[in-house]
Every structure is written in structure tokens, then in C-alpha cells.
Amino acid sequence: MKAGIFNGQKIQLSEISKPNLILDDEVLIKVKSSGICGSDLRIIHGKNEPDNLPIGHELSGEIVEVNNSIYDKYIGKRVAVDVVSAGRACGVCRHCLNGKYTYCLLKDEESGGSYAEYLKRRIRASRFFIFQ
Ligand SMILES: [Zn+2]
Ligand SMILES: [Zn+2]
């Protein structure tokens, strides 16, 4: 898939593999639109090391694949992913249980970002806004 990857100087359009669904409740989201957050700009202006995954966490899209048939009803649903902790918070650690998702101890950093055609998120842990 196409993705914007920070190469140490700028975000460059690159070809990377689509995220693999591994955990039971992971879903694949086809990104339809992505915001550019101020924190994304701070990330790329504050370092020189290249990334291997796209950043970007403000998105809307459509669930196109689930990893367990109990979530089949979500296929085709349009979603917005909560930008608090980029939708990567575990939902079960002490910070998450207190609503402080930003401080999650088990954040899924490998799930990819929205400067890409696809990203994955955990449907049980992530706070999705699901539209019909
Ligand atoms: Zn943001
Ligand atoms: Zn957590």
C-alpha cells in the first residue's frame, strides 16, 4: 500500500506492506481522510531518524476487514477514530481505566498511522465513533 513515511527529513510517499491483523479484535481500516495534527509536525521537526511506519492519528475511514467473525457486523461501517492516544490505548491498564488514555502503559505503537491507505486498530480497546 502507499504510505507517507518520514525519511529523516520529510514525509515521502513510499510503498509498504498492509498491516497484518494479529490480535483477535484488530480491524483493518481503509483511510478516507486524514488530518495533519500539530503534534505530527512537532514529531518530524524534532528528529532526524527515519520512521518505518506512517504517523498520523486523526482520521475517518471504513472498516474493511476483521480478524474474528464475531466482528463481521462492523465490515463496511464508516468510523472516526478517537484522537486521544491515537486510538492505540489498551483500554484496560490503570491509566485507561481512569480515562487517561494518553498515558496508556500498553499503547500499540505498531498499528500504523493515517498517512497511509490502511491502518489497523483494536475494536475493543479503541474508541471508535461508528456511523451507519
Ligand atoms: Zn492530534
Ligand atoms: Zn492502557
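Okay, let's start with the hairpin: strand 1 and strand 2 make one, with four residues between them. In that turn sits Gly 8, and its phi is positive, about 110°. Keep in mind that this is a predicted model.

Sticking with the hairpin, strand 1 covers residues 2-6 and runs antiparallel to strand 2, with five bridges joining them. If you want one pair to click on, take Lys 2, whose bridge partner in strand 2 is Glu 15. How many residues of strand 2 are buried? Zero out of its five, residues 11-15, so to speak a strand that is hardly covered.

Next, the other pairings. Strand 3, residues 26-34, goes antiparallel with strand 4, residues 59-66, and there we get seven bridges. Leu 28 is the one facing Glu 65 of strand 4. Strand 4 also pairs with strand 5, residues 78-81, again in the antiparallel sense, over three bridges. There, Gly 61 sits opposite Val 79 of strand 5.

Last stop, Leu 105. You'll find Leu 105 in the loop that links helix 2, residues 94-97, and strand 6, residues 118-122. Is Leu 105 buried or exposed? Exposed, because Leu 105 has just 11 C-beta neighbours inside 10 Å, and the cut-off for exposed is 12 or fewer. What does Leu 105 touch, leaving aside neighbours within four places in sequence? That would be Cys 93 and His 95. And if you draw a line from Leu 105 to Lys 30, 75 residues away along the chain, the C-alpha atoms are 27 Å apart.

That's my tour, thanks.

Key. Residues numbered from 1 in each chain as written. Chains lettered and ligands numbered in written order. Predicted model: local features only at pLDDT ≥ 70, side-chain atom pairs only at ≥ 80, totals over all residues. Buried ≥ 20, exposed ≤ 12 C-beta atoms within 10 Å, placed from the backbone. Helix = DSSP H or I, 4+ residues; strand = E, 2+ residues; numbered from the N terminus. Pairing = 2+ DSSP bridges. Contact = placed C-beta atoms within 7 Å.
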